[in-house]
Each structure stands twice: as structure tokens, then as C-alpha cells.
Amino acid sequence: IAAIAYWTGLTEARPSSTPQPRIVATSPAQNAVIKPGPYTLVVTFDRPMLAESYSFVQSSEGLYPHCGKAKPQQSSDRRSYSLQCTAKSGEQYVVWLNRARFANFKDATTRIPATPYRLSFSVSR
């Protein structure tokens, strides 16, 4: 398993009544079919997320998106992250957003990790 993951530091887990952050939108959308070529991979959360802290995780379930070594960009409202990528014709992509030990998408205030999310999409021929 490989991942693009970065975090600003380790924090002690604390019990909280606050629910985990969750993903409210992705682009491409779940199970979408996109055109080959350049596209922007975007993930949007239900609240502001910790700056410079993210986990785009590769698995054996499908190809990982071709995004080069670009660092994800966080939106000014801190709810979205984006990556510039390139889609290859006929491919099926799977990327986990937080998974197992890679759980660096975190709430900006509580630092609670976001609920893991499996994003899958394909590319037309």
C-alpha cells in the first residue's frame, strides 16, 4: 500500500462527542466515467480540515490516479483538497481517502480523523 500522506504532527486521541468529519462531495463523483486526459481530483468535507494534513491512499483494488508528485492544494475555506491528475483511456481508478494507518485528513479543531472513504471511477475509451 502506498499513499500520499502528510501531517503536521502527532496528536493525542481524545474522547469526543463530535462526530468524525465526512466527505460530502468528490470530483470525479463516485462511480463516474470521465474522459481521458487532465482532470482535477477534488474531495470536499463537511467542515474545515487541518492544514497540510491529508491521506490519498493507494490500494490493490484498482489503479491509483496518475497525479505526479504534486502536493494537494487546500481551498481557502479549508473544506476541500485538490490534485491535478491525468486519466488514461479505459482505466479503472480507486483511491481511499483515509485508510487504516493513513488517517491524516483531520478536523481542523478537534483533529479527529475523517471517516475513511473509497472513491472509484473509470475512464472512457
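Modeller: Quick bit of vocabulary before we dive in: two strands count as paired if DSSP finds at least two bridges between them. Also, keep in mind that this model is predicted.

Colleague: Got it. How do I read a sheet, and what order do the four strands have in the open one here?

Modeller: In general, strands of a sheet pair through backbone hydrogen bonds, and they do it either parallel or antiparallel. Here the open sheet runs β2-β4-β7-β6, and the pairing is antiparallel. β2 (23-27) and β6 (73-74) sit at the edges with a single partner strand each, so one side of each has no neighbour in the sheet.

Colleague: How many bridges join β4 to β7?

Modeller: Eight, with β4 and β7 (residues 80-87) running antiparallel. Look for Pro-38, whose bridge partner in β7 is Thr-86. On the other side, β2 pairs with β4 (residues 37-45) over four bridges, and Ser-27 stands opposite Val-42 in β4. β6 and β7 have two bridges, with Gln-74 partnered by Tyr-81 of β7.

Colleague: Which residue takes a positive phi in the hairpin of β6 and β7?

Modeller: That's Arg-78, with a phi near 65°; the hairpin has five residues between its strands.

Colleague: Now side chains. How many salt bridges does a search of the whole structure find?

Modeller: The idea first: side chains of opposite charge can pair when their charged atoms come close. In this model the search turns up six salt bridges. In one of them, Lys-71 and Glu-52 meet at 2.5 Å, N to O. Lys-71 is in the loop between β5 (54-57) and β6, while Glu-52 is in the loop between β4 and β5, so the pair ties together parts 19 residues apart in sequence.

Colleague: Is Lys-71 buried, exposed or partly exposed, and what is its relative accessible area?

Modeller: Lys-71 is partly exposed, at 44%, and Glu-52 is partly exposed too, at 35%. Now try Asp-46 and Arg-47, whose side chains form a salt bridge at 3.0 Å, N to O. Buried means under 20% relative accessible area, so Arg-47, at 14%, counts as buried, whereas Asp-46, at 27%, is partly exposed.

Colleague: Which residue forms a salt bridge with Glu-61?

Modeller: Arg-118, with the closest N and O atoms 2.6 Å apart. This pair links distant parts of the chain: Arg-118 belongs to strand β9 (residues 117-123) and Glu-61 to the loop between β5 and β6, 57 residues apart. Finally, salt bridges that share partners join Arg-22, Asp-46, Arg-47 and Asp-107 into one network.

Conventions
Residues numbered from 1 in each chain as written. Predicted model: local features only at pLDDT ≥ 70, side-chain atom pairs only at ≥ 80, totals over all residues. Heavy atoms only, no water. Salt bridge = Lys/Arg side-chain N within 4 Å of Asp/Glu carboxyl O. Buried < 20%, exposed > 50% of the residue type's maximum accessible area, 1.4 Å probe, protein only.
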